[in-house]
Amino acid sequence: MNSSFLRISIWVYLAIFFAYLLGPLVIMSLTAFNSSSFPRISPWECLTFQWFTELFHDQRILNGIKNSLIIGAGTVVLSVAMGLAGALMLTQIWPKLRATYYTIIIAPILIPGVVLGISTLVFWDRINRMLGLGADSVLSNGVFLTVIGQSTFIASYCMLVLVARLQRYDTALTEAALDLGATHAQAFRKILLPFMRPAIASAAVLAFLASFENYNTTTFTFGEYPTLTIELAQKVRYGITPAISALAFIIVALTVFFALLNEAKLRRQELVAAARRNAMVQDLGGKIRLPSFFAGNMAAVLLVVFAVATITMVGTAAVYSPDQCIANVKEQKRLEAERRIQELRKQREEQRKQREAQEAEQGGAAQSAPKPSNNSGFGGVFAPGALGGGADAEPEAEEPPKGNGGFGNVFDPNSLSGDQ
Amino acid sequence: MPSFLKEFFNRNGTGMGLTILGLVLFWTIGLIILPQLSMLDFSFRPNLPPPEIGGPKDVYTLENYKYLIYGPEGGSQDYNTVDLRVFFRTLVAAVCVTIFNLILCYPIAYYLGQSKGSHIRIFAIMLIIPYWINEILRAFALRIIFGETGVLNTLFVGLGIWDTPFDFIRNDIALYAGLGYAYILLMIFPIYNVIESLDRNQIEAARDLGAPWWRIHWRVVIPYAKPGISSGCTMVFMLSAGALAAPQILGGPSSLWFTQLIYQQFNDNNDWPQGAAYAVVLLVTCILFVLAMMRLFKVNMGDIGK
Amino acid sequence: MSAGIGVDLESLWIRFGDFVAVRDANVHIEGGDFFSFLGPSGCGKTTILRAVSGFLEPSEGNVLIGGKNMKGIGPNKRPTALIFQNLALFPLMKVWENITFSMEIKGASAAERRRRADELLDMIALPDQGDKLPSELSGGQRQRVAIARALCAEPDVLLLDEPLSALDLKLRQHMRTELREIQQRVGITFIYITHDQGEALTMSDSIAVMRAGVIDQIADGKTIYNDPATAFAASFVGENNVFRGKVKRVMGDEALIATNRSGDLVARISTANRGKLAEGDDAMMFIRPEAFAIAPEGATGDHFVTARVTHEEFEGNAFNIFTEGDGGKEIKVSIPNLGQSFKDHTGQNITLEYDARNAVVVPAGELAAE
C-alpha cells in the first residue's frame with residue numbers, strides 16, 4: 001500500500017516534471033500551425049503553413065542563420081583545439097600547478113556570459129587601439145570577437161568532455177608509435193587523434209550547439225554580424241509572431257531527429273554486440289520478425305515514425321491550402337464584429353431612449369444616470385481591433401463577449417497589429 | 001620549472017609541444033586572464049571619447065563604483081536606490097531560483113541515478129532535448145504560456161477559476177519559471193553523476209536498519225551527493241545571476257535584472273567603463289557569495305565541474 | 001655472433017629530483033647477444049631501458065648504440081624498438097596495420113605493407129590473423145604481434161620490458177623458448193628486462209643483476225648462479241640458504257667462516273671477491289638447498305651443519321627438509337627423489353653435509369626481499 005502510493009507519487013512527479021520541461025516546447029511548436037497572428041493554441045483558428053513561408057522569406061532570420069553558422073564553425077574549431085590542448089596539458093602539468101591551472105580553465109563556465117562578453121569587447125578594443133588599428137580592423141570585427149568570446153567558455157566544456165576520454169588513454173601507445181619511428185606529429189595524428197575521435201565529435205557538437213544558442217556573450221560582441229539568436233531576441237522583445245514558433249518547431253524537430261538517430265545507432269551497436277555474444281538471439285522462434293535494425297530498437301521505430309510524419313507533413317503542406325478556412329474565420333470575425341457594433345448601437349439606442357425617457361420624466365436631474373455596467377461595451381468601442389474587423393481572439397462567435405474579455409483586448413498587442 | 005618544460009617538450013616533441021603550449025597560453029592568458037584584468041582596469045577609468053583615451057584625463061578613478069552606491073553626483077537621493085535595489089533583487093532572486101531548482105531536480109536526479117532500465121535513456125534524451133533548443137526560444141515558449149492571453153490564463157479563466165487573467169509577467173513568475181527552466185539540466189547532471197556512483201547497498205542497509213525514507217536521504221544520500229549538489233547549485237546560481245535573455249524576454253517592464261543595467265550602460269548609455277564596473281561588481285559579488293556558501297557547507301573547489 | 005650492433009652504457013646516472021634511479025651504470029652489451037637486466041621491481045631496470053630507447057635523457061653519462069653516442073637523439077631516430085610491458089598494441093588498428101606501422105610512417109604502399117605483414121605473421125605462426133583487431137586475439141597471440149611489430153621496424157636492438165609478465169605460467173614458459181628462437185633467427189641484440197630469474201637464466205647470454213639503481217654483477221647465467229658477486233645476487237637468483245658470520249681465516253680461494261649459529265664452516269670465496277676478504281670481515285655464506293646431503297649422525301667438521309628439523313614436505317621430484325636457521329630464516333634442504341626410502345625427521349636434530357666448492361662466501365650485504 002505504502003510502496004504503491006510511493007510509486008504513484010513518483011510517476012505523478014515525473015509527469016509534472018516532464019510537463020514543465022517539454023510542455024512549453026510542444027505548445028510553442030503547435031502555435032506554428034495556427035493561423036492566428038499571435039502565437040497561441042487555445043482559440044484554434046485554422047491549420048496553416050503560412051508561418052513557415054513567412055519564416056523562409058525573412059531576410060534577417062536567414063542572414064542570422066548564415067552568421068550563426070560561420071561563427072559556430074569558427075567556435076567549434078577554436079574551442080575544440082583549445083579544449084584538447086587544455087586537456088593534454090592537464091594530464092601532464094607539474095602537480096603543484098595543477099589545481100591552479102584547473103581552476104583557471106574551469107572558471108569561464110562559472111563566469112556570467114555577460115561578463116565574458118564585456119571583457120572580450122574591452123580587451124580586444126584596447127589591443128586594437130594599442131596596435132593603432134582602425135574601427136574596421138579584424139580585431140574589432142563582430143565575427144572575430146564573437147568567436148573569441150564564445151570560445152573562452154565553450155573551450156572549458158570541450159576540455160571536460162575531452163579530458164574524460166584522455167584519462168583512459170594509455171600514453172604507452174604514443175611512445176610505441178615514437179619508438180617505431182613516428183614523429184610526434186605523426187603519433188598524434190595516427191594514434192591519439194583516432195582514439196580521441198568520439199570525444200572530439202561530442203565536443204564539436206556540444207560546442208556548435210552552445211555557440212548557436214549563445215546570447216549573453218554574443219550580445220556584446222556581434223557588431224555587424226547578428227547571429228540567429230540575436231535576431232530572435234530582437235524579434236521576441238519587440239513583438240512575437242508565429243513565424244518564430246515555426247523556426248522553433250524546425251529546431252525542435254531537427255533536435256529530436258538527431259537525438260533519435262544517435263540513440264538508434266547506439267542501440268544498434270549494442271544489439272550487434274549482444275548478438276555477437278549470443279548467436280542464438282536470431283532464432284527467437286516464429287514470432288513476427290522485424291528487420292534486425294528494428295528488433296528491440298525502440299528509437300529506430302520512433303525514427304521511422306518520425307520520418308513518415310515529416311513526409312506526411314511536408315506533403316500536406318504542399319497541397320493543403322488554408323485559404324478557405326482563413327476566409328471563414330475572417331468572415332466569422334467580421335460578422336461578429338458587425339454584430340457587436342449592432343449590439344452596441346442597440347445598447348446606445350436603448351440608453352439614449354432610456355435617458356430621453358428619464359430626461360423626459362425628470363427633466364435635467366438625470367446626472368446620476370446608471371452607467372453601462374457591461375465593460376465589454378466600452379472595451380469594444382475602444383478596441384482598435386474591433387474597428388479593424390480583425391484579430392479579435394474570441395472564437396465562440398455565437399456567444400456574446402462576456403466579462404472582461406472585451407476589455408482585455410484593448411491591451412492585446414496583436415489587436416494593434418491587425419489581421420494578416 | 002625549466003625541467004618541467006624540458007620534460008614537456010621531450011614528451012610532446014618541439015612542434016606539438018609548442019602548439020599545445022601556445023593554445024593553452026592563448027586560452028588561459030589571452031582569453032581568460034587578460035580580458036578580465038583589462039575589464040577590471042577599465043572599470044576604474046572615466047568614460048572618455050576615443051581621442052582622449054590615454055590622454056591626461058585618463059586617470060584612475062572610483063567614480064564608476066561610487067555611481068552604483070551614491071547615484072549621479074548632485075542627484076536628489078543619497079543613495080542610488082534604483083540600481084542597488086535591482087542588484088540585491090537579482091542576487092536574492094538568483095538564490096531563490098537555485099533553491100527552487102534544487103528542490104525540483106534532486107528527486108529526478110536521484111530517480112535517474114538509482115534506476116536501471118532502458119527508459120532511463122529515454123528520460124535522459126527528454127532532459128537534453130530542451131537544452132539543445134535555443135535559449136531565446138525557450139524563453140519565448142514560456143512567454144506563450146504565461147502571456148496575458150497565453151495557455152495558462154486561457155485555461156484558468158476558461159475554467160472559471162480566475163475572473164481576470166493573471167499577469168504572470170508583471171509579477172515575475174514567468175521570469176522565475178524561465179530561469180529555473182533554463183538551468184534544469186545544469187542542476188540535474190552533476191547530482192545525477194554523483195548519485196549514480198552511490199552504492200545501492202548503502203541505501204538498502206539503511207532501509208534494513210529501519211530508517212524512514214527522508215532519513216535515508218538526509219543521512220546517506222545527500223551527504224554523499226554533496227559535491228554534485230554544490231556543483232549544480234554553483235552553476236545555476238552563477239548563470240541565473242548572470243542571465244540576460246530570460247529577464248529581457250520574460251521580465252516585467254518595471255523590474256530589471258542587474259545584467260540588464262549592464263547591458264543598458266553598454267548599448268544605450270554608451271558608458272563602457274560604467275558597464276565594466278557593474279560587471280566587475282556582479283562577478284566579484286557572485287564569486288564571494290559562492291565561496292562563502294562553499295565554506296559554509298564545507299565543499300572544495302575541486303569538486304566543482306566534475 | 002658479434003655481428004650485431006652492441007650497446008654501451010658509460011657511467012650512466014639517472015635522477016628524478018632527489019631520487020637516484022640509476023647509479024653509475026657501466027655495461028657493455030655485445031652485439032647479437034640476448035642480454036637481461038634482472039632485478040626486483042623498482043630497481044631501475046625499466047629506467048635504463050627507457051634511457052636506451054630514448055624516452056629519458058640520462059642525468060649524466062652516455063648511451064652508445066653501435067659505438068655511436070645517442071645524446072639528443074629522440075626515440076624515433078634510434079635504431080631500437082621497444083616491446084612494452086602492456087604491449088601497447090594500437091587498439092583501433094588491425095593486426096596487419098599494427099605490425100607494419102613503422103612502414104606506414106615511412107610512406108610504404110598498402111600492398112607492400114600487406115606483403116611484409118604476411119611474412120611476419122608467418123614467422124610468428126599467426127597466418128591469416130592479419131585482419132583481426134588486437135582485442136580479438138589471445139594474450140599469447142598479442143604478445144607475438146607486438147614482437148612482429150617491433151621486428152618490422154628492422155631495429156638493431158630490440159628492447160623488451162617484462163613482456164611476459166601478463167601471461168599465465170604455461171604460456172610464459174612456452175614464450176621463453178619462442179623468444180630465444182626468434183632472437184637466434186634474426187640475430188639482433190635483445191635487451192630484456194625481467195624480475196623473473198627463470199626467464200633471465202633460460203634465455204640470456206648475459207645477465208645484469210640490479211639492486212636499487214646499482215648493477216651488482218654482470219655475467220652469464222651459470223656464473224651468476226654458481227659464483228654470485230654479492231649477497232643480493234646470491235639471494236635473488238635461485239633459492240639459497242644464508243649463513244651470517246665473520247671471516248675467521250682465509251685459505252687461498254677458500255675461507256673459514258665463524259657463523260653465528262652453526263659453528264665454523266668452510267666455503268669458496270666467490271671469484272669477484274678473491275683478495276678482498278680479510279680476517280674479521282663480516283661475511284655471508286650461501287649454500288643452495290640441493291647442495292646439501294644428509295650425513296651420518298654424529299659427523300662433525302667444517303663442512304657439516306647440525307640443526308633441528310622443523311618440518312618436511314614432499315614435492316614430487318624432491319623431498320624438502322626445513323631446519324632452524326640463522327636469523328629466523330629456515331635452512332632448506334632439497335634431496336632429489338630417486339626412489340629411496342625416507343624417514344621423517346621432524347623434531348629431531350639432523351646433520352647435513354656439503355662440499356665446500358658448492359658453498360660460496362661474499363661480503364655481508366643486503367639480501368633480496370622474499
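Helices (H or I, at least four residues) and strands (E, at least two) are DSSP runs, numbered from the N terminus. With that settled, I counted chain C and got 9 helices and 20 strands.

**Ground rules**

I'm working on a predicted model, where local features need pLDDT of at least 70, side-chain atom pairs count only at pLDDT 80 or more, and totals for chains, interfaces and linings use all residues. Residues are numbered from 1 along each chain as its sequence is written, while chains are lettered from A and ligands numbered from 1 in the order in which they are written.

**Confidence**

I looked up the scores next. The model has ipTM 0.84 and pTM 0.79. For pLDDT (the predictor's confidence in each residue, from 0 to 100), chain C averages 88, and 98% of its residues score at least 70. Within chain C, strand β3 (residues 34-38) is highest at 93, and helix α6 (residues 169-186) is lowest, with a mean of 86.

**Chain C overall**

I checked the extent of the C-alpha trace of chain C: about 80 × 50 × 35 Å along its principal axes. I call a residue buried if 20 or more other C-beta atoms lie within 10 Å of its own, exposed if 12 or fewer, and partly exposed in between, with C-beta atoms placed from the backbone. On that count, 41% of the 370 residues of chain C are buried.

For contacts I use C-beta atoms, placed from the backbone, within 7 Å. Taking contacts in chain C between residues at least 6 apart in sequence, I find that 67% join residues at least 24 apart.

Domain bounds come from an automatic or database domain assignment. Chain C splits into domain 1 (7-226) and domain 2 (239-363), and the C-alpha centres of the two are 39 Å apart.

**The sheet at the start of chain C**

I count two strands as paired if DSSP finds at least two bridges between them. What is the strand order of the open sheet of 4 strands in chain C? I read β2-β1-β4-β5, with antiparallel pairing. Because β2 and β5 (68-69) of chain C each have a single partner strand, they stand at the edges, and one side of each is left without a neighbour in the sheet.

Then I went through the pairs. β1 (residues 7-16) and β2 (residues 19-29) of chain C are joined by 7 bridges, and C:L9 has C:V27 as its bridge partner in β2(C). The two strands make a hairpin with 2 residues between them; C:G17, in the turn, has a positive phi of about 65°. β1(C) also has 5 bridges to β4 (residues 60-65) of chain C, again antiparallel. There, C:E10 is partnered by C:N62 in β4(C).

**Two helices**

I looked at α1(C), residues 45-53, and found 8 of its 9 residues buried. Among them are C:I48, C:L49 and C:V52, along with C:K45 and C:R50. C:G54 follows α1(C) and has a positive phi, near 100°.

Over in chain A, I picked A:E350, which lies in helix α13 (residues 323-362). Is A:E350 buried or exposed? A:E350 is exposed, because it has 11 other C-beta atoms within 10 Å. From A:E350 to A:Q324 I get 38 Å, C-alpha to C-alpha, for 26 residues in sequence.

**Cores**

My nonpolar core is a set of buried Ala, Val, Leu, Ile, Met, Phe, Trp, Tyr and Cys residues joined through C-beta atoms within 7 Å. The largest has 269 residues, and those with the most contacts inside it are B:F140, B:I188, B:I191, B:A279 and C:M285. Helix α8 (residues 184-213) of chain A gives the most to this core, 14 residues. I followed B:I188: beyond its neighbours within four places in sequence, B:I188 contacts B:C105, B:I108, B:A109 and B:L127. Another core, of 5 residues, lies apart from the largest one and includes A:L260 and A:A264.

**Interfaces**

Between chains A and B, I find 78 residues of chain A in contact with 72 residues of chain B. On the side of chain A that touches chain B, helix α1 (residues 2-31) of chain A has the largest share, 11 residues. I class Ala, Val, Leu, Ile, Met, Phe, Trp, Tyr, Cys and Pro as nonpolar, Asp, Glu, Lys and Arg as charged, and the others, Gly among them, as polar. That side of chain A then divides into 53 nonpolar, 18 polar and 7 charged residues.

Inside chain B, I have domain 1 (1-43) and domain 2 (62-303), with C-alpha centres 33 Å apart. Here 4 residues of domain 1 of chain B touch 7 residues of domain 2 of chain B. The domain 1 side of that contact has 3 nonpolar, 1 polar and no charged residues.

Conventions
Two residues are in contact if their C-beta atoms, placed from the backbone, lie within 7 Å.
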